[in-house]
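The exercises below are meant to be worked through with the sequence and the 3D view at hand. Try each task before reading its solution.

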Amino acid sequence: MNRRKRSVLVAFALLGAAYAFSLVYVFHLGRPAPAPVAGRPPVVIRFVHWQLESGMREAFDLIARRYMELHPEVRVEQFAVPGNVYPQWLRTQLAGDDVPDLVCFNSTDPSQVSQLPRYFQAITRWINEPNPYNAGTPLAGVPWRLTFIDGGRNRATYIDQYRNYYAVGLSAHTMQMFYNRDLLVAITGRDEPPKDFQSWIELGKMVRAYRPGLIHIAGAHDNTIWLMPTLVNSALSRWLLEYDHELRFAASGFDFYGAMLEGRWDLRSPPLQAALRIMQAFGREMSPGFLQLNRDSAMRAFLRGEALSIPNGTWDYPTMRAQATFRIGAFALPMPGPEDREFGGYALLPLPSVGGITTAMPFYLTRQSRHPEVAIDFLRYVTSMDGNRRFSRASHWMPSVEGVEIEPEMQPFKQNNTGFTTTDLQNGPIVMNGPGADYTQLFETNLHVLYAPNGGVEAYTRALEGQLRETVVSDLRKQIHVQSENLRRRDAALAAQHFLDAAEQAEAVRQQSGLHLSEIQVYLMEETLARTTGSP
Amino acid sequence: MRPTPTNRAAAAVAPARVPCRMILVRCIALAALGAGGGLALPLPAAQPAAAPQLTDAWQALSIGSYEDAGAQFERTGAGREARLGAAIALINRPPVTPSSLAEAQSRFTALAQGDDEAAHAARYFLGRMQQLHPIAPDLPAAAREYETLVATGADDTWCRLALVKLAILRLTLLPGAGNPAARFAAVEPLLAQTRDAVTRRDLHLVIAEARMSRRVYDPVTLGHLQAALAATDAADALRPDILVQTGRLAHLAGDRATARASYAAFLRDYPKDRRCYTVNAALTHVDGSFPP
């Protein structure tokens, strides 16, 4: 046999092997057959998430094992998919009809939210019933939704435009300023974080004087762009209430930016100038060149003791805890009070935790689930007092269920609701992020002007103000377009529900009421745009 | 002892049929693989598909599967309900083009020539197409369709929806409706056009929304909110907002008793709402100004 014939044979052999392997894979979907229980195949439910932080997969495994002990006839499988490929992975699985029963999903994109009913089932009928796993606890007989710290209702779990519950949150988070307790004691002589904004600025001076090169805040582009908008909104909470035209204690973006188009505020308005000064002061406390750094660089600087503190979410606490060689503390950054002439006067104090009390890590039930009742039962267990306590302890994430004790080391992260809220959770104005992507980009791409040695608040204002109005108009038009698309889709869906059974008909009537309100809000905005820009 | 889902689970473990779509996926995979090896593997013989029921088609439409729903409606026959469903699916079925919209409009127009539910629904969708048309919206034409429907006096689902949509147009973008006061006046008579409590509540709410958006904080607006509140049951997701709005507007209008009662009801019924601290502070300052 010559060399050429051998090569051809090897190629065919490889092709044949690949073909045989593919056949096996296609027909068994790449998974081993489940072992039978009492002669029957077990019910398999699968859930997927992107939480790869330290200890999370182990915590999920632990809770799944506990559930399987209670229900030997069920097998629970965990899929952990990295966050950077999660959206693409999920889209592919949804399109291929092979998505797990329960999906961790979170989106603020209105067009994605509008697609929710296509892929996920509303869970309202279950969430209004008591959670049976709470029998014998103080939550016995309490409707499932009311067992959550936020009443089961937040931007991700309750979808306003459908007036329906779609998910339950397994955990809770807050944004904190984490700090190196040992270093703080060495610098100030005590383990007490600053109580007001000016003391916090003073602390920065002490940090820099303590050791050359020591940084007050480990900054990065990532934590700047999520922290700054929150900071600015908090600092302006009293002023934002002036734009709550519909008197809900929940100012909307439409009202706020509509007021800008009517000439009621601009970037030179004193509240906004104060907000820009706060942003500038905050940036001065960060690592040099922070806008070029990413989140991992900031985390490494903090863990190496090169920075006193780092703004972060509590979801990273388990990772920091596992890697830090020092004690970690946390505090909420204090806002300037009314007596602060440079930065203050526009916040309504006290403020609650960022975002108020809310649950996190929402899990949705997919429409393709072959065992929806079992999947819901698993969620009930994870969010029962017993299940959530076990999950919280194993993951070092805070519980989402009322009355589940928070471990002492996580007590400083506990959410508090004892503060004023003035903006809407779902549609509220975020002063720095605006009504759309173009506005956000305008603020973010010019941030270097605010922090440059020859820049500052005046230079930043000048860089933005020429384009601000036109950007707001363009973003609002896009938002109206997206919402009109949603209205068209909802019209068809609700019409269809009118031709289904009585429960679906009642649901359609209920959702129509919400849709009418969404619709008039869109039209009022369109009317303001037409009136203030002279074009429809 | 914890309750278990054993019964439900037992039902759930019953052998499941292999979905047709999965067979299709497997066929494609095999075809792709077989192209290299020239092999073929016998698959289970395809079963002839049963004719879809109207309910299945409406179900598909309710979750936004326009293509599937449209095909199912076409296969269920030529009844008026099926024709209506097919036309509704056509409005959103991608790609939405001028010709697909014209086709949908022509189907709705044909259906609207009767006096049954399908005719009323078709008339309503003719209005919605004019209003939300992605290419050439025509609001006066939409308003005329709604007025025609309301004039039938049928007070059915579609007439009720048309009534609220007509109110929204008159309150906002309908050309020639005049200044805000004229717009408000043009919708008040619509309240008398229905006996349905939910529709009346929705009308009160959109009127109150339009008035407050223009910062008309007067007793008339308060009256609309109170009427809406009276028709809203405790479990309704809109109620917490209406209670806060009633409380704040009553406070601004100097009706402290109503403000106090509304705030107290909110705190009692929605103790986990994120606005509780704010509402509680507003209640504390109900005799003065708020925020302090």
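**Exercise 1.** How far apart do the C-alpha centres of domain 2 of chain A and domain 3 of chain A lie?

*Solution.* Keep in mind that this is a predicted model. Begin by locating the parts: the domain assignment of chain A places domain 2 at 175-352 + 421-433 and domain 3 at 473-533, alongside domain 1 at 43-172 + 359-402. The C-alpha centres of domain 2 of chain A and domain 3 of chain A are then found to lie 36 Å apart. The two domains are nevertheless in contact, with five residues coming from domain 2 of chain A and six residues from domain 3 of chain A. On the side of domain 2 of chain A that touches domain 3 of chain A, three residues are nonpolar, one is polar and one is charged.

**Exercise 2.** Describe the contact between chain B and chain A.

*Solution.* Count the partners to start with: 61 residues of chain B are in contact with 69 residues of chain A. Next, ask which element of chain B gives the most to this side, and the result is helix 11 (residues 197-213), with eight residues. Finally, sort the side of chain B that touches chain A by residue type, which yields 34 nonpolar, 14 polar and 13 charged residues.

**Exercise 3.** Why is helix 5 of chain B largely enclosed by the rest of the structure?

*Solution.* Helix 5 (residues 80-92) of chain B is largely enclosed because eleven of its 13 residues are buried. Among them are A82(B), R83(B), L84(B) and N92(B). The buried residues of helix 5 of chain B pack against helix 3, helix 4, helix 6 and helix 7 of chain B, together with helix 19 (457-498) of chain A.

Technical notes. Residues are numbered from 1 along each chain as its sequence is written. Chains are lettered from A and ligands numbered from 1 in the order in which they are written. This is a predicted model: local features need pLDDT of at least 70, side-chain atom pairs count only at pLDDT 80 or more; totals for chains, interfaces and linings use all residues. Two residues are in contact if their C-beta atoms, placed from the backbone, lie within 7 Å. Helices (H or I, at least four residues) and strands (E, at least two) are DSSP runs, numbered from the N terminus. Ala, Val, Leu, Ile, Met, Phe, Trp, Tyr, Cys and Pro count as nonpolar, Asp, Glu, Lys and Arg as charged, and the others, Gly among them, as polar. Domain bounds come from an automatic or database domain assignment. A residue is buried if 20 or more other C-beta atoms lie within 10 Å of its own, exposed if 12 or fewer, and partly exposed in between; C-beta atoms are placed from the backbone.
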